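User: Please take a close look at one part of this model, the helical part, and set it in the context of the whole chain. A connected account is enough.

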Amino acid sequence: MTYEIGNNLKIYLAGHPGFHFPFLGLPLILSHFFAVVANLFGGYCADRFGSQRQAFVSKLALTHMWGNILQQLQ
């Protein structure tokens, strides 16, 4: 089963009976919606707390996240 979105994006769903064609674009729409909300929140935080402080906190969060991922892989 193939569902084509636009000219270049195809979603292959062979053997997945839970997906129905009218709802296949919903995850794509939701991911873009959450990306816009996250970017607006990041812009608000940069204006409110300063871009340098926000960059420092994001580096701490990413370091913590990757540290946990690498620790679980060992």
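Analyst: What follows starts with the chain as a whole and then goes through the helices in order.

The model is predicted. The protein chain has 2 helices and 2 strands, and along the sequence these elements follow the pattern β-β-α-α. Of the 74 residues, 8% count as buried. The accessible area of the protein chain is about 6,700 Å², and carbon and sulfur atoms supply 66% of that area.

Helix α1 covers residues 26-49, which is 24 residues. At 1.5 Å a residue, taken over one less than the number of residues, the span of helix α1 should be 34 Å; the C-alpha atoms at its ends are 34 Å apart, so the expected and computed values agree.

The structure holds 1 aromatic pair. It is formed by F33 and F34, with ring centres 5.6 Å apart and planes at 65°; the pair is therefore edge-to-face, since planes over 60 degrees apart are put in that class. F34 has a relative accessible area of 54% and so counts as exposed, the cut-off being over 50%.

After α1 comes G50, which has a positive phi, near 100°. Helix α2 then takes up residues 51-73.

L70 lies in helix α2 and also belongs to a nonpolar patch on the surface. The other members of this patch are L62, M65, W66, I69 and L73. Together the patch residues have about 610 Å² of accessible area.

Key:
Residues are numbered from 1 along each chain as its sequence is written. This is a predicted model: local features need pLDDT of at least 70, side-chain atom pairs count only at pLDDT 80 or more; totals for chains, interfaces and linings use all residues. Side-chain values use heavy atoms; hydrogens and water are left out. Patches are made of residues with over 30% relative accessible area and no salt bridge: like charges are joined within 9 Å, nonpolar side chains (Val, Leu, Ile, Met, Phe, Trp, Tyr) within 5 Å. Accessible areas come from the Shrake-Rupley method with a 1.4 Å probe; for residues, only the protein chains shown count as cover. A salt bridge is a side-chain nitrogen of Lys or Arg within 4 Å of a carboxyl oxygen of Asp or Glu. Helices (H or I, at least four residues) and strands (E, at least two) are DSSP runs, numbered from the N terminus. Buried means under 20% relative accessible area, exposed over 50%, partly exposed in between (1.4 Å probe, protein chains only). Rings of Phe, Tyr and Trp (its six-membered ring) pair if their centres lie within 6.5 Å; planes under 30 degrees apart count as stacked, over 60 as edge-to-face and the rest as tilted.
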